[in-house]
Amino acid sequence: MNIDRHPQIASRKKPQQTRSAELVTAILQAAALVLAEEGVTRFTTARVAEKAGVSVGSIYQYFPNKVSILFRLQVDEWIQTTRMMQSILKDASAPPLERLRTLVHAFLQSECEEAEIRSALNDAAPLYRDSPEARMARTEGSEMIDTFMEGALPGAPLAARKLAGDLIFATLKSIGNSFSLAKRTKAEITAYADATADMFCAYLKSIEGHSPL
């Protein structure tokens, strides 16, 4: 996929009326379908317009290029993933290790589902990784991890909790990125998630000074 090395990734404007919002939603749904059905190489503004049943000009009212469409899909995925992780990690009805195991499964599934978007945005990565949306996602993720580790390791020193959180979630992100490079079956995702969760849980159990998990 050829991408301008300095593309504009932000949307041109935000829809102010219901009809405009519905148009943007239709464009994004069509974009996701084109990406899923035809892959990165066939992803063009024209194909998205065709799939959405709108003119290319209608798309350009809100998105200056195909990279901006992909970036919006990525931002929506960040929001969805963050909310998913928060709902799992804040579920006080489940023990911390059970929550962590559930999170690993959900995260790896999500990484596999969004692999096409990451691949399509690869050339524009320096731009979108430093975007306000990306910085906000990292900040929310860091705060969420700190809160979870405080509950998971209440007896451990702050430095130990911080190190554990950084190691686990940096490793999870790295694993998710590399694992999702290839198409994976549901069984493969489950097996990989189980092994990864076992590793993380064993690590937390080994940390001295924490309360029983």
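A salt bridge is counted here when a side-chain nitrogen of Lys or Arg sits within 4 Å of a carboxyl oxygen of Asp or Glu. In this predicted model, D194 and R101 make such a contact, with 4.0 Å from N to O. D194 belongs to helix α10 and R101 to helix α5, so this salt bridge links parts of the chain that are 93 residues apart in sequence. R101 also pairs with D198, and here the closest N and O atoms are 2.6 Å apart. Since D198 is again in helix α10 while R101 is in helix α5, this pair ties together parts 97 residues apart in sequence. As for exposure, D194 comes out as partly exposed at 31% relative accessibility, R101 as partly exposed at 27%, and D198 as partly exposed at 43%.

A search of the whole structure turns up 9 salt bridges. Shared partners join E38, R42, R47 and E50 into one network. Within it, R47 and E38 bring their closest N and O atoms to 2.1 Å. R47 has a relative accessibility of 14%, so it counts as buried.

Turning to the annotation, the unreviewed UniProt entry marks residues 44–63 as "DNA-binding region". In the model, that stretch is 65% helix and 0% strand, and its end C-alpha atoms lie 12 Å apart.

Aromatic contacts come next. The whole structure holds 2 aromatic pairs. One is F71 with W78, an edge-to-face arrangement with 6.2 Å between centres and 85 degrees between planes; both F71 and W78 are buried. The other is F179 with Y192: the ring centres are 4.2 Å apart and the planes meet at 20 degrees, so this pair is stacked. With F179 in helix α9 and Y192 in helix α10 (residues 186–206), the stacked pair connects parts 13 residues apart in sequence. F179 is buried, at 3% relative accessible area, whereas Y192 is partly exposed at 37%.

Finally, there is the question of open space. The largest pocket takes up about 1,200 Å³. Its lining is made up of 41 residues, and F107, E111, E114, R118 and K173 are the closest to its centre. Two or more lining residues come from each of α4 (66–89), α5 (96–113), α6 (115–120), α7 (125–129), α8 (132–152) and α9 (158–179). By type, the lining splits into 16 nonpolar, 11 polar and 14 charged residues.

Terms used: Residues numbered from 1 in each chain as written. Predicted model: local features only at pLDDT ≥ 70, side-chain atom pairs only at ≥ 80, totals over all residues. Heavy atoms only, no water. UniProt positions renumbered as here; feature names shortened; annotations may be inferred. Helix = DSSP H or I, 4+ residues; strand = E, 2+ residues; numbered from the N terminus. 1 Å grid on protein atoms, 1.4 Å probe; cavity = no way out; pocket = protein on both sides within 12 Å on 5 of 7 lines; lining within 4 Å. Points joined across faces, edges and corners; volume = space filled by probe spheres on them. Nonpolar A, V, L, I, M, F, W, Y, C, P; charged D, E, K, R; others polar. Phe/Tyr/Trp six-rings, centres within 6.5 Å; stacked < 30°, edge-to-face > 60°. Buried < 20%, exposed > 50% of the residue type's maximum accessible area, 1.4 Å probe, protein only.
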